[in-house]
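Here's a quick tour of a protein model, starting with the overall picture and ending with some backbone oddities. Have the structure open while you read.

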Amino acid sequence: MDNNKLAIRLFPNINKTPEDYEKIYPLRDLKEGARVTRFAPSPTGFLHFGNLFTCLVSYKTAKSTDGVFYVRVEDTDQKRKVEGAIEVMLKGLSVYGIVPDEGVIAEDTEKGEYAPYYQSKRKEIYQAYAKSLVQQGLAYPCFMTPEELDEIRATQENESIKGIWGKYAKHRDLSEEEIYKRLDSGEQWTLRLKSPGSVDGKCYFDDMIKGKIEMPENVQDVVILKSDGIPTYHFAHAVDDHLMRTTHVVRGDEWISSTPIHLQLFRVLGFRPPKYAHVAPIMKEEDGGKRKLSKRKDPEAAVTYYAEQGYPSESVNEYMLTLANSNFEDWRRMNKDEDVEKFPFNLKKMSVSGALFDIVKLTDVSKNVICKMPAKKVFDLSYEWAKEYNPALASLYEKDTERATAILNIDRENKKPRKDIAKWSDIPEYISYMYDETFEPCYELTGNATPALALKVLEKYIEKVNLNDDKDAWFTRMKDICPLVGCTPNVKEYKAEPDKYEGHVGDVSTIIRVALTGRTNTPDLYCITALLGEDTVKTRLKAALEHYKEEV
């Protein structure tokens, strides 16, 4: 068999050689240990939490070593392409701080010396390497029809090894005469790898997350070029990861079963394989067991869910790092105010079996993140969210942006900020009592605060309230009311002789809090009173007084 002659016949228009492409795409000039990783989406859908999580791991792997993270679009299947999908994905990544150093940086926009980064534009490159394999006798044209392939699949239904191999590889050893006869008659062909694997052979590799893995060696003569000359995923990714000088491939562990094929392709092509890091799927508890986070069953599987709910990107990033590295929470406790980018991310600290998604944990993480934000940032981020998802809140903000910021600043920017807000969608309820349009009176009391006591307290407080008071003077007025209504201004004194008093200063403040806010638990009442303004304060106090008169 004259393999060179066959290669020219199969690829008459391919003039460049692998050696040419090795020069076009040289080794990267990076420091020792720098890792090159990628995100390689297909333009067939939108960004899901699992994609985002795996992408974050890939990004951190590169960034933690001063390496390169790039985006390559695997769009060889043009029939499944969804218009705008890549733009949506890239915008989704950028929200969470994942910005590629090179590759596809916007729809139809590429940056970097290893372009093109769209696989659909790299057809000649793949064919050059395919041609080289034919020249070396490592690949062959296969003329099997879809009907023949279906027949083989039916025959193999109960066999442990499926696919085209051994006796099923009918065209592996066709004579030169038979091959040219079929080509001359115009029969369609695919190009198959002439697998060097054996049934007894083993494939070993050291996964960066799961450790040493042993699997049966690949024996299938897998298709590397389809009948239209477009490569299969297996072949394209091997050529691209080599020429783009990828050092670490981070991907879902559903790809483990394909790794023997990929490692074999790298070996046959003469490439040094990248390190593989297979990420276990995000799991969710259900009915006492665990299952994969599902984009069909779980709204939180879609990345858009977090934007709609108003979780800040910082919160989602922090939460994903708790899933990604087992030591992140300890690091955060030791570095409460440190930039998350300084966390020493490590692939070997990842869960082998899959992290468990917990919306309660995300909420707790987000409360901690938001409580540390200055009021201006909380206002700006929540306002941007509200303009898209809650126009009513945006409208309230727009009435007086300075007042809205001041409301959000109550009990913020101090040593122990409150943790009431987990996401921007919590804010309308959280601040509803600060606006007459959204205030809903509720006069239920707690502790020693009875309707009868409330009646006496409010009658005295309406006489004494003065919004020009500073905080000390305001609290002094609160204490001054106590002996007038049978209470003590000293909580310890009340605890020592509870039968002697109707209540203490805490009960007095609770009555006023409920009258002004409809709640028994709020941020600092002095600040609330000042921001409500005199007219609103007196109107609400009088309304509460009338309510308790009727109740008593």
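How much area does the protein expose, and what share of it do carbon and sulfur atoms supply? The exposed area comes to about 27200 Å², with carbon and sulfur atoms supplying 48% of it. Keep in mind that this is a predicted model.

On the inside, buried residues account for 50% of the 552 residues. The fold has 23 helices and 15 strands. The radius of gyration is 34 Å, well over the 24 Å from the globule rule for 552 residues, so the protein is more spread out than a compact globule. Along the principal axes, the C-alpha atoms fill a box of roughly 115 × 45 × 45 Å. Of the contacts with a separation of 6 or more, 74% link residues 24 or more positions apart. As for charges, there are 80 positive and 90 negative ones, and their mean positions sit 3 Å apart.

Now for the backbone. Most residues other than glycine have a negative phi, and most peptide bonds are trans. Two residues here have a positive phi instead:

| Residue | Phi | Loop | Relative accessible area |
|---|---|---|---|
| D66 | near 60 degrees | between α3 (49-63) and β2 (68-71) | 52% |
| R245 | near 60 degrees | between α8 (233-243) and β10 (248-252) | 11% |

Are these residues buried or exposed? D66 is exposed, whereas R245 is buried.

There's a cis peptide bond too, running from A115 to P116 with omega near 0 degrees. P116 belongs to the loop between β4 (109-111) and α5 (123-135).

Methods:
Residues are numbered from 1 along each chain as its sequence is written. This is a predicted model: local features need pLDDT of at least 70, side-chain atom pairs count only at pLDDT 80 or more; totals for chains, interfaces and linings use all residues. Side-chain values use heavy atoms; hydrogens and water are left out. Helices (H or I, at least four residues) and strands (E, at least two) are DSSP runs, numbered from the N terminus. The radius of gyration is taken over C-alpha atoms; the globule rule is 2.2 Å times the number of residues to the power 0.38. Buried means under 20% relative accessible area, exposed over 50%, partly exposed in between (1.4 Å probe, protein chains only). Contact means heavy atoms within 4.5 Å. Accessible areas come from the Shrake-Rupley method with a 1.4 Å probe; for residues, only the protein chains shown count as cover. Lys and Arg count as positive and Asp and Glu as negative; His and the chain ends are not counted. The place of a charge is taken as NZ of Lys, CZ of Arg, CG of Asp or CD of Glu.
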